[in-house]
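Okay, thanks for making time, everyone. Let me put the structure up and then talk through a few helices and a few odd residues.

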Protein chains: 2
Amino acid sequence: MPELRRDPLVGRWVVFSPERKQRPQDFHLQNGALQEPGAFTWGKEHLTPPEVYAIRKEGTEPNSPGWQVRVVPNRFPALRIEGDLMPEGDGLYDRINGIGAHEVIIETPHATEALEDQSVEAIANVLKSYRNRIIDLRRDSRFRSILIFKNVGPMAGASLRHAHSQLIALPVVPRMLQERLTSARAHYAAKERNLFEDILRAEHREGKRIVLENNSFAAFCPYASRFPFELCLLPKRQNPHYHHSSDAELELAADALKQLLQRLNKGLGKPDYNLILHTAPLQREATEEARLEADFRWHIEVLPRLSGIAGFEFGTGFFINSTLPEEAAQFLRAVKIQ
Amino acid sequence: MPELRRDPLVGRWVVFSPERKQRPQDFHLQNGALQEPGAFTWGKEHLTPPEVYAIRKEGTEPNSPGWQVRVVPNRFPALRIEGDLMPEGDGLYDRINGIGAHEVIIETPHATEALEDQSVEAIANVLKSYRNRIIDLRRDSRFRSILIFKNVGPMAGASLRHAHSQLIALPVVPRMLQERLTSARAHYAAKERNLFEDILRAEHREGKRIVLENNSFAAFCPYASRFPFELCLLPKRQNPHYHHSSDAELELAADALKQLLQRLNKGLGKPDYNLILHTAPLQREATEEARLEADFRWHIEVLPRLSGIAGFEFGTGFFINSTLPEEAAQFLRAVKIQ
């Protein structure tokens, strides 16, 4: 059974998932090689756990060919869906049993196709699948937050080549989300203005970090980017919850995302990257929910993994970046993708 | 000129060091290959900036052969030593000019020798060099904290094969240290007990996570280890400041460290790793200093880099670990190193 343990020195939770364990002697055999895609194409549906969601041709049966996007439970889940939450002390320490959902969003039935090489409509279907899985899982009162992310390439932690994202529903609010909530709340309390709206205005005014824009989204290299060519995709409409996005909005998000990833690929030679969707926590009381509506906004981060994480980053929690976001944005704007 | 920028969403500082910049087209040429050692052997002293410290044979001149440990400014520093601190607003954002020290501790004149393959006496000389550099740099009132770390192998962010550590003196207290200080202070306030002493007692009582011990140190796999086979080396004597360690203590630390790294190497096939020294911040007022004496203790982390950092870790600030520390400690205790 997986469990979450809390580090008493820094308050950080670690998910222990012994079912994903490699034997010690396997560790040094890892060489970043990616598993070839096999289980994620039409006709191989029996190789995964049964689907929990799919976008598929009318008239086709679940767990059979005909799908465009298919969501299945992770075969090696970091967390288990069954059971009640049981936080407990362990002497000096704290732990919770590892309750949660861990799903895989298979973005295409085509084994060699990257997300960004698909049509805007197909990418929008992936983004709509994210939304629909959140709408389903948020009914489970054990979950406090849902994280969706995508690891592309071995530098970004991917072990599988077939285009896919992952969803993890957690019984706690992770620190990266809590820090965002706290900053947004403090900003609103001090200024009665939305932090994300202020960032959008600052980026508009300066212009030099913006990579692209459409009617619903702006994409820019953040002021304090951790990584060279890091990107943030931010909706222009105030909305804390990704799952409250409309079809029309997700279609414009898909269009922006395709362009951003194509610019990275063309300009930097298909770098490995992580994509992370930050959306507001679930199960909030009405007063808290009203505050979130005022101060928090969902957004997507894209983190190209051109440089590693080393002792300085682990020691400080800070990052060293050799490339100013102004220069990164200028470079990405200039990449010709047509 | 380097600068520090603060991320308004999560309060994290990022060091921008354009002088370390690669051109965009260089990024995708990186393949984790390590630079061969050349500049760090006897007779090549002119290839580095002049030394700021060395342990060398009596009668030998600075910047000439005869040294065992040699400390030089980093040729590509992330921070600059010259100038006054100037925090300033940048519209919505915050930045500080990048004042700090960035030094390289060359651990041996022998190009192919790893730290752990040296004699205990030689390793103790490295640990004493850390101490002596802190004692020198703490006189500079601009510096609030000093981080010493070691990146070994490409997975751990090393770009150079020759055994070396790095020292960075910072004008701010990094978040990973601040979180430790806050946790230790809260624990002491609640219980009037030292958190590190409580951890040491808990680990003694349980025993199963301890890897080795001597008169002055205990080494264990922490309860909420982020990484498989992660290690913490903790002094038994209450002491917030690494630079207050005695020669005898550092000799016992060297002995423990050699054994720990040898166990990792033998058991896991020379994994890449980061080593991080956490020591109390500098320039504290007397009342604050008195509190540190009660609640904080210096310690060393060793982080084997057998698994990567991916979207889950970036999205949550949490980690997924497949190996329980109890099993990791049992495995490491059983490795035969003689």
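Quick word on naming before I start: the helices and strands I mention are DSSP runs, numbered from the N terminus, with at least four residues for a helix (H or I) and at least two for a strand (E). And please keep in mind that this is a predicted model.

So, with that naming in hand, let's begin at the end of a helix. Right after α5(B) comes B:Gly269, and its phi is positive, near 70 degrees. The residue I'd look at next is B:Lys270, which has a positive phi too, about 50 degrees, without being a glycine. As background, most residues other than glycine have a negative phi. B:Lys270 sits in the loop that links α5 to β13 (273-278) of chain B. Is B:Lys270 buried or partly exposed? It has 14 other C-beta atoms within 10 Å, so it comes out as partly exposed.

Now the helix itself. α5(B) is 22 residues long, and from its first C-alpha to its last it reaches 31 Å, close to the 32 Å you'd expect at 1.5 Å a residue. Most of α5(B) is covered, with 16 of the 22 residues buried.

What does it pack on? One partner is α2(B), residues 120-137. Same sort of length check there: at 1.5 Å a residue, the 18 residues of α2(B) should span 26 Å, and the end C-alpha atoms are 26 Å apart, so the two agree. The buried residues of α2(B) are a mixed bunch, including B:Ile123, B:Val126, B:Leu127 and B:Ile134, but also B:Ser129, B:Arg131 and B:Arg133.

For anyone who doesn't do this every day, two packed helices are described by the angle between their axes and the distance between the axes. For α2(B) and α5(B), the angle is about 120 degrees and the axes are 8 Å apart. Why do I call that oblique? Angles of 65 to 115 degrees would count as roughly perpendicular and those over 145 as roughly antiparallel, so at about 120 degrees α2(B) is oblique to α5(B). The crossing is right-handed.

Who's actually touching? From α2(B) you have B:Val120, B:Ile123, B:Ala124, B:Leu127, B:Lys128 and B:Arg131. The α5(B) side supplies B:Asp247, B:Leu250, B:Glu251, B:Ala253, B:Ala254, B:Asp255, B:Leu257 and B:Lys258. Sort the residues of that contact by class and you get 8 nonpolar, 6 charged and no polar ones. Three of the names in that contact, B:Ile123, B:Leu127 and B:Arg131, also turn up among the buried residues of α2(B).

Over to chain A. Here α2(A) and α5(A) pack at an angle of about 120 degrees, with 8 Å between their axes. That makes α2(A) oblique to α5(A), and the crossing is right-handed. On α2(A) the contact includes A:Val120, A:Ile123 and A:Leu127, and on α5(A) it includes A:Leu250, A:Ala254 and A:Leu257. The class count for this contact is 8 nonpolar, no polar and 6 charged.

Back in chain B, there's another pair with another geometry. α3(B), residues 175-191, and α6(B), residues 286-295, have axes that come within 10 Å and cross at roughly 80 degrees. α3(B) and α6(B) are therefore roughly perpendicular to each other. B:Ala184, B:Arg185 and B:Tyr188 of α3(B) meet B:Arg291, B:Ala294 and B:Asp295 of α6(B). That contact splits into 3 nonpolar, 3 charged and no polar residues.

Last bit: some single residues in chain A. A:Asn63 is another non-glycine with a positive phi, near 60 degrees, and it lies in the loop between β3 (53-56) and β4 (67-73). With 15 other C-beta atoms within 10 Å, A:Asn63 is partly exposed.

Then A:Val335, in the segment after α8 (325-334). What does A:Val335 contact beyond its neighbours within four places in sequence? The answer is A:Arg263, A:Lys266 and A:Gly267. The C-alpha atoms of A:Val335 and A:Lys266 are separated by 7.0 Å, although the two are 69 residues apart along the chain. A:Val335 counts as partly exposed, with 16 other C-beta atoms within 10 Å.

That's my tour, so over to you for questions.

Note on methods
Residues numbered from 1 in each chain as written. Chains lettered and ligands numbered in written order. Predicted model: local features only at pLDDT ≥ 70, side-chain atom pairs only at ≥ 80, totals over all residues. Expected span 1.5 Å × (residues − 1). Buried ≥ 20, exposed ≤ 12 C-beta atoms within 10 Å, placed from the backbone. Axes fitted to C-alpha atoms, helices over the stretch in contact; angles between N-to-C directions. Parallel < 35°, antiparallel > 145°, perpendicular 65-115°, else oblique. Left-handed = near helix turned anticlockwise from the far one by under 90°. Contact = placed C-beta atoms within 7 Å. Nonpolar A, V, L, I, M, F, W, Y, C, P; charged D, E, K, R; others polar.
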